Each structure stands twice: as structure tokens, then as C-alpha cells.
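The questions below ask how certain descriptions of this structure are justified. Each answer sets a value against the criterion it must meet.

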Amino acid sequence: MKLTVITIAYNSAEYIGRTIESVLAQEQGDTPFALEYLIIDGASSDGTVAVAESYIPAMESRGIEYRIGSEPDRGIYDAMNKGISRATGDIIGILNSGDWYEPTAARTVADTFAGTGCDLMYANIRMHKTDGITFIKKARQRRFQTSRDWNHPTTFVRAQLYKQYPFRCLGIHDDYGFFLQMRRQGRSIVTVDKVLADFVMGGASNHKDIKAAQKRIRDRYLYCYRINGYSRLYILECVAIEAAKMLLG
């Protein structure tokens with residue numbers, strides 16, 4: 001089995017190192033796997049590429065296929081699609097710059113796909129707030145689907161599905177839209193009750209601004225739920241999530 005991890009980055013020289021080091025720290029387990037790691041940079045001007053290149057010797061010593069590309073893109077999901085198109089692994093995970101994997105992430109992924117034959121899996125994630133407080137966001141599947149139960153940094157997908165259904169590049173929640181698309185298609189989805197990644201809050205999906213929140217509500221409703229045939233009642237879930245962000249952070 002070959003796993004591909006994709007990290008997209010833009011002007012993230014300050015914190016991309018911890019992301020890369022977490023990939024270097026991955027442990028082998030019961031199911032042997034090869035690891036490919038792709039850095040997709042959006043033409044950074046702050047030395048991000050130089051930091052990524054400094055890890056080439058370490059990657060070679062670990063036997064990890066490591067490739068770095070840097071060029072302008074048309075946004076986060078365009079960059080993800082570039083990485084997906086270049087991936088040669090059987091299974092693909094996407095880990096944004098600044099976030100990081102737990103050392104057991106890759107071995108858990110390999111064991112899960114080998115043991116279940118699933119199309120897609122995701123697991124728990126540790127959320128890091130800007131004030132230093134952390135909490136665990138659980139991975140669940142329920143009849144009433146909500147993004148509160150899904151975690152993109154812990155999501156791994158069979159490569160042929162990512163390549164067949166690239167991100168639509170319509171809004172800020174295209175990754176969740178892809179997940180709902182797979183769910184509506186009846187793909188085999190497995191959740192793992194284990195923390196596999198750490199996510200730093202405070203990005204575009206958590207920015208406390210009324211106009212930004214309105215756009216996130218619109219994007220989630222139109223380009224996640226409605227485009228995939230979900231009920232109009234899901235507008236209530238979209239509003240509730242943004243209200244919780246505004247009130248609770």
C-alpha cells in the first residue's frame with residue numbers, strides 16, 4: 001500500500017516545519033506501507049520553499065518520496081487538486097501547513113484500509129484554540145449529517161475517487177462538499193475513534209466576522225448540501241454552526 005500526503009502552503013515558513021516533521025515521524029505498523037509526500041506551494045515569497053527543501057535529506061533517509069512544487073494557484077482547492085493530480089499513492093490524505101499528524105496516523109490509515117476495504121475514512125482530531133485551550137472533535141456518522149462530526153485533516157480517500165471527483169472550487173467548504181458527495185453515492189465510509197491529527201483554529205473557516213460568516217453559511221448550504229441533494233432544512237445547521245463559532249469561538 002502506498003499513502004500520499006499532500007500539504008498545501010502559502011507564505012507559511014514560520015510553521016510549515018512542524019507539519020513536515022510530523023510526516024517524518026510516522027511509524028510503521030502491522031500493515032506495511034510506502035509514503036509519498038507532496039508540498040504544493042502557491043508561489044510563496046517568505047522562504048516557505050527553502051524551509052521545505054531543507055528537509056530533503058531527512059526524507060531521503062526515511063525512504064519517503066518527497067516532491068516540492070511552487071507556482072501560483074487559483075485558491076486552496078485548486079492547489080489541492082494539483083496535488084491530487086500529481087499523487088501516485090493508493091490512498092490520499094491532505095494536511096494543511098501548520099497542522100500536524102500524530103505519529104500513529106499513517107499506520108492507523110494503512111491498517112484501516114487493509115482491514116475494512118473502505119473507500120474513505122476519518123478519525124478524531126485535537127483542536128487547538130488561540131488561547132492555548134485544546135479539545136477533541138470526535139468523528140461520527142449519523143443520519144442527520146453535520147460537519148461537526150467530520151474532520152478533514154484526518155480524512156483519507158482512495159486515490160481514484162479523489163481523481164474522479166476533484167474539488168469543485170466553488171466555495172470555502174469544498175472539502176466537506178466532497179465528503180457529502182461520497183456519502184450520497186453510498187461509498188464505504190469508516191470512522192476511527194482515535195486522534196490522528198492536530199488542527200490550529202483561527203483560519204478562514206473560523207474568522208469572526210458577520211460578512212465572512214454569511215458567506216460561509218451560503219457556501220456550506222449551496223455547495224455542500226444543496227449541490228449534493230440534501231434537504232433545504234440544512235440551512236438551519238449552517239446557521240447554527242456559524243452562530244456557535246461567533247459565541248463560543
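Q: What covers the buried residues of helix H1?
A: In this predicted model, the cover includes strands S1 (2-9), S2 (34-41), S3 (65-70) and S5 (100-101), together with helices H2 (48-53) and H3 (56-62). Contact here requires heavy atoms within 4.5 Å.

Q: Why is H1 called largely enclosed by the rest of the structure?
A: A residue counts as buried under 20% relative accessible area. In H1 (residues 16-24), 7 of the 9 residues are buried, so the helix is described as largely enclosed. The buried residues are Ile 16, Gly 17, Thr 19, Ile 20, Ser 22, Val 23 and Leu 24.

Q: Which residues does Ile 20 touch, not counting residues up to four places away in sequence?
A: Ile 20 touches Tyr 37, Ile 39, Ala 52, Tyr 55, Met 59 and Tyr 66.

Q: What makes a set of residues a nonpolar core, and which members of the largest one touch the most other members?
A: The members must be buried Ala, Val, Leu, Ile, Met, Phe, Trp, Tyr or Cys residues, joined through side-chain atoms within 4.5 Å. The largest such core has 35 residues, and Ile 20, Tyr 37, Tyr 66, Tyr 101 and Met 121 touch the most other members. Two or more residues come from each of S1, H1, S2, helix H5 (105-116), strand S6 (120-128) and strand S9 (189-200). H5 gives the most, with 5 residues. A second, separate core has 34 residues, including Ile 84, Phe 167, Ile 217 and Cys 238.

Q: Why is Asn 11 called partly exposed?
A: Partly exposed covers the range between under 20% and over 50% relative accessible area. Asn 11 has 28%, and is therefore partly exposed. Asn 11 lies in the loop between S1 and H1.

Q: What is notable about the phi of Asn 11 and of Ala 43?
A: Most residues other than glycine have a negative phi. Asn 11 is not a glycine, yet its phi is positive, about 50°. Ala 43, also a residue other than glycine, has a positive phi near 65°. Ala 43 sits in the loop between S2 and H2 and is partly exposed, with a relative accessible area of 34%.

Q: How do you know whether the radius of gyration agrees with that of a compact globule?
A: For 249 residues, a compact globule would have a radius of gyration near 18 Å; the protein has 17 Å, which agrees. The C-alpha trace spans about 50 × 40 × 35 Å along its principal axes, and 51% of the residues count as buried.

Notes:
Residues are numbered from 1 along each chain as its sequence is written. This is a predicted model: local features need pLDDT of at least 70, side-chain atom pairs count only at pLDDT 80 or more; totals for chains, interfaces and linings use all residues. Side-chain values use heavy atoms; hydrogens and water are left out. The radius of gyration is taken over C-alpha atoms; the globule rule is 2.2 Å times the number of residues to the power 0.38. Buried means under 20% relative accessible area, exposed over 50%, partly exposed in between (1.4 Å probe, protein chains only). Helices (H or I, at least four residues) and strands (E, at least two) are DSSP runs, numbered from the N terminus.
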